[in-house]
Structure formats: structure tokens, C-alpha cells
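I opened the notebook to look up two things: charged contacts and enclosed empty space. The entries follow in the order I made them.

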Amino acid sequence: MTLLARGVRGLLVLAFAVFFLLPLVALLDFSTEVRGGGRTGEAWQGLLDDPLMSQAIVTSLTLAGLTVVGMVVLLVPTMVWVRLRLPRATRLVEFLCLLPLTIPALVIVVGSANVFSWLRYFFGDTSLVLTFSYVVLVLPYAYRAIDASLSSLDVRTLSEAARSLGAGWWTVIVRVVLPNIWPGVLGAAFISVALVLGEYTFASLLNYETLPVAIVLLGKSDAQTSMAAALASILFAAVLLLLLSFLDRGRRTMSGGK
């Protein structure tokens, strides 16, 4: 029975691997194919040579970093404070964080048009103002990841112990609670980066050139470079996931060693 279970597990893993890898192999094949036979890396070289694509990559990576910072600064203190001071408001905070899932992105863009006018007035006409919208979009996924870590932690006991030793609230959050919910924060950060790198609706309707928008525009004139950019963004997200996993594993090993 054990051998049968292992065989079924192996077949399922193989089936999922083929299902997910075949599109990536097809993208790589198309982006390196030369008419008449042979292979070339010109499409991949074009990612760096094309100023539009290079700027779009930098913009998307900057937006991803700012979104992660904004998400952590907004969610972690709020969720900890609600659990300690207003536990009855937990359901309300959860509802507000999950609300973007029920509203189409198109509706959010149209509804926030006036808000973006003020943002452009204060911060200038820069694509970085998309950070405010992206923080809202990642709230449902980030909330679930962080909430799972907080639920496995006795936040009240830890905070009372730290407060009894003279720690302030900022110290409690940053040096006591945050290290204990680090896996949830890492998970939320990865989800946020993946969402920002693939978000198209907001950037396209608001006329900002992020990586997804640049890929679509480039696909109309240079399909191979466009597919190379799409594959590169997928591989970057996968590598980021592995790095976050190793970071979390290394932290656990160090904590266990201590």
C-alpha cells in the first residue's frame, strides 16, 4: 500500500510538473526560435536594449518593493493593535481587507479617479502613485497570510510580558511580535510582489507603463521579445519564492540552534 501511495504521489507530481512546465518551455522555444531553423538570444538581449522595457522592469520592481513596505507598515501594526485593544473589531478589519476581492478592478479604477487626481497633484505624474492602489489590491491575500501566523501566536501574553519589562508599543511590535510572525510576513510579501508584477488593469487604464503593459505593447511589434519578457517575469517570481523559502528556513535553523 505504501509503494502504491508513493507511485500515485509520484505520478501526480509528474503530471503537475508537465502541466506547469510545458507552457514555460513553449515560451522559451518561441522566444529563441529563428525562422528557417536554429536558435538565437536576440529577444532576451532586447529586454535590456529596449529602453521602454528596461524602464518598465525598473518601474515594476520599484512598485513591488514599495507595495511590500506599505502593506507591512499598514497591516502588521493594525492587526496587532486590534487583537490587543479591540478584539471585537477583528471581523470588521477582516471584512475591510477582503472587500477588494468582491469589487472588480475596473470599478476600483473608475471610483478612485478623483483620488488619483489628488495623488498626481501632490506626488507628480509618476507611476509610483500606483503603490496606493496596489496596497489595496494585496490586502486580502496579505491579511490571510499574516492572520494565519498571528492566530498561532499568543500575542497578548507576549505583549504583556514585554510591556512589564518596560518595552514600548513600537518595540513590542517590531522586536517581539514581528519576528514571531515572520513566515506570514514573507508569504504576504511574495504574494504582493507576484501580484504587482502581473497587474495590468490599473496600469493600463491609468496610462502607466509597467512591465505587463510594456509586454502587451511590445507584443504588437515584437512578439518574441514580448514572450521573453513574460517568461523572465515568471522565472523572477519563482526565484523570489525560492529565496524567501530559503530565508525562512535559514531563520528557523538559526532560531533552533539558539
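**Salt bridges, then the cavity**

I searched the whole structure, a predicted model, and found three salt bridges.

I looked up Asp147 and found it paired with Arg83, with the closest N and O atoms 2.6 Å apart. Asp147 sits in helix α7 and Arg83 in helix α3, so this pair ties together parts that lie 64 residues apart in sequence. I noted Asp147 as buried, at 15% relative accessible area, and Arg83 as partly exposed, at 24%.

Next I took Arg91, which forms a salt bridge with Glu94 at 3.2 Å between the closest N and O atoms. Both belong to helix α4 and are three residues apart, about one helical turn. Arg91 is exposed at 64% relative accessibility, whereas Glu94 is buried at 12%.

Glu94 came up again, in a salt bridge with Arg144 whose closest N and O atoms are 2.9 Å apart. Arg144 is in helix α7 and Glu94 in helix α4, so the pair links parts 50 residues apart in sequence. I recorded Arg144 as partly exposed, with 41% relative accessible area. Through shared partners, Arg91, Glu94 and Arg144 form one network.

Then I turned to empty space. How many cavities of 30 Å³ or more are there? I counted one, and the largest cavity has a volume of about 60 Å³. Its lining consists of Met79, Val82, Arg83, Thr90, Val93, Tyr143 and Asp147. Helices α3, α4 and α7 each give two or more residues to this lining, and α3 gives the most, with three. By class I listed four nonpolar, one polar and two charged residues.

Key:
Residues are numbered from 1 along each chain as its sequence is written. This is a predicted model: local features need pLDDT of at least 70, side-chain atom pairs count only at pLDDT 80 or more; totals for chains, interfaces and linings use all residues. Side-chain values use heavy atoms; hydrogens and water are left out. On a 1 Å grid over the protein atoms alone, a cavity is a set of points where a 1.4 Å probe fits but cannot get out, and a pocket is an open set with protein on both sides within 12 Å along at least five of seven lines; lining residues have an atom within 4 Å of a point. Grid points are joined across faces, edges and corners, and a volume is the space filled by probe spheres set on the points. Helices (H or I, at least four residues) and strands (E, at least two) are DSSP runs, numbered from the N terminus. Ala, Val, Leu, Ile, Met, Phe, Trp, Tyr, Cys and Pro count as nonpolar, Asp, Glu, Lys and Arg as charged, and the others, Gly among them, as polar. A salt bridge is a side-chain nitrogen of Lys or Arg within 4 Å of a carboxyl oxygen of Asp or Glu. Buried means under 20% relative accessible area, exposed over 50%, partly exposed in between (1.4 Å probe, protein chains only).
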